[in-house]
Amino acid sequence: MALISGDPLRISRRSTALRAVSIALVTVLACGAIWSTVRLIDDLIHGGTETNSASALLLAGGSVWSSTVLAFSLLYFELDSGGPAARAHHMPPTPALAFPQQLSPELNALHWRPRYIDYLYLGFTNSTALSPTDVMPLAPWAKCVMTLQSIVSLVILGLVIARAVNVLA
């Protein structure tokens with residue numbers, strides 16, 4: 001709501017303060033997702049209440065995994081190529097995240113810009129494949145963030161599924 005009130009019609013203004021607030025909010029979301037993962041791991045190790053029921057555990061794990069996908073997709077959306085407002089005005093010649101439309105001349109639509117759905121897809125595929133699929137990280141920060149997301153997803157998927165199977169057996 002804070003971001004929408006700062007630029008109510010569309011995210012097109014390149015305000016330093018608005019960008020700082022958006023990066024801070026998205027960072028808090030990503031840290032919250034990581035913290036939820038840590039809490040889930042702690043419950044798995046020490047036997048939290050939801051770890052005794054496969055359905056409750058899968059629901060909690062799915063919730064934590066989904067929030068991780070959303071938080072990291074917003075982080076990619078905000079950090080790539082100077083953020084959404086900067087991308088609306090121009091794309092840099094070397095983006096931090098290279099989409100297929102940017103890499104293949106035959107796919108390049110005139111004035112194509114990645115939208116949030118492209119970053120959501122990146123977050124989802126990075127969390128399921130545990131690696132980049134079609135979007136290549138070029139900048140060091142993108143490689144580090146994608147690595148962190150893959151590690152978090154691997155831990156969530158591996159431990160939650162292993163414990164759920166154990167509870168069912």
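**A friendly note on the predicted model**

1. Let's start inside helix H3. Leu57 is buried, with a relative accessible area of 0%, and this leucine sits in helix H3. Please keep in mind throughout that the model is predicted. Setting aside residues up to four places away in sequence, Leu57 touches Leu40, Leu44, Glu50, Thr51, Val160, Arg163 and Ala164. One long-range pair deserves a look on your screen: Leu57 and Val167 are 110 residues apart along the chain, yet their C-alpha atoms are separated by 9.4 Å.

2. Next door in sequence, the picture changes. Leu58 also belongs to helix H3, but Leu58 is partly exposed, at a relative accessible area of 43%. Together with Ile161 and Val165, Leu58 makes a nonpolar surface patch of about 270 Å². The cut-off for joining such a patch is over 30% relative accessible area, so Leu58 passes this test with its 43%.

3. Now the helix as a whole. H3 covers residues 54–79, which is 26 residues, and spans 37 Å from first C-alpha to last, close to the 38 Å expected at 1.5 Å a residue. Just after H3 comes Ser81, with a positive phi of about 55°. Ser81 is not a glycine, and its place is the loop between H3 and helix H4 (84–89). Is Ser81 buried or exposed? Ser81 is buried, with a relative accessible area of 12%.

4. A second residue of this kind follows H6. Leu130, again not a glycine, has a positive phi of about 60°. Leu130 lies in the loop between H6 and strand S2 (136–137). Here the accessibility is 31%, so Leu130 counts as partly exposed, whereas Ser81 is buried. I would be glad if you looked at both loops in the model.

5. Helix H7 can be checked in the same manner as H3. Which span should the 29 residues of H7 (residues 140–168) have at 1.5 Å a residue? The expected value is 42 Å, and the end C-alpha atoms of H7 are 42 Å apart, which agrees. The buried residues in H7 are Ala142, Val145, Met146, Gln149, Ser150, Val152, Ser153, Ile156, Val160 and Ala164. Their cover includes H2, H3, strand S1 (97–98), H6 and S2. Two residues of that buried set, Val160 and Ala164, are also among the contacts of Leu57, which ties this point back to the opening one.

6. On to charges. Side chains of opposite charge can pair when their charged atoms come close. How many salt bridges does the structure hold? The structure holds one: the side chains of Asp42 and Arg39 meet at 3.5 Å, N to O. Asp42 and Arg39 are three residues apart in helix H2 (residues 16–46), so about one helical turn separates them. Both partners are partly exposed, Asp42 at 29% relative accessibility and Arg39 at 39%.

7. My last point concerns an acid without such a partner. Asp118 lies in helix H6 (residues 116–129). Asp118 is buried yet has no salt bridge, and the nearest side chain of opposite charge, Arg115, is 4.5 Å away. Why does Arg115 not count as a partner? A salt bridge needs the nitrogen within 4 Å of the carboxyl oxygen, so the 4.5 Å between Asp118 and Arg115 does not meet the cut-off. Leaving aside neighbours within four places in sequence, Asp118 is in contact with Phe99, Trp112 and Arg113.

Note on methods. Residues numbered from 1 in each chain as written. Predicted model: local features only at pLDDT ≥ 70, side-chain atom pairs only at ≥ 80, totals over all residues. Heavy atoms only, no water. Helix = DSSP H or I, 4+ residues; strand = E, 2+ residues; numbered from the N terminus. Expected span 1.5 Å × (residues − 1). Patch = residues over 30% accessible without salt bridge, like charges linked within 9 Å, V, L, I, M, F, W, Y side chains within 5 Å. Areas by Shrake-Rupley, 256 points an atom, 1.4 Å probe, with all protein chains shown as cover. Buried < 20%, exposed > 50% of the residue type's maximum accessible area, 1.4 Å probe, protein only. Lys, Arg positive; Asp, Glu negative; His and termini not counted. Contact = heavy atoms within 4.5 Å.
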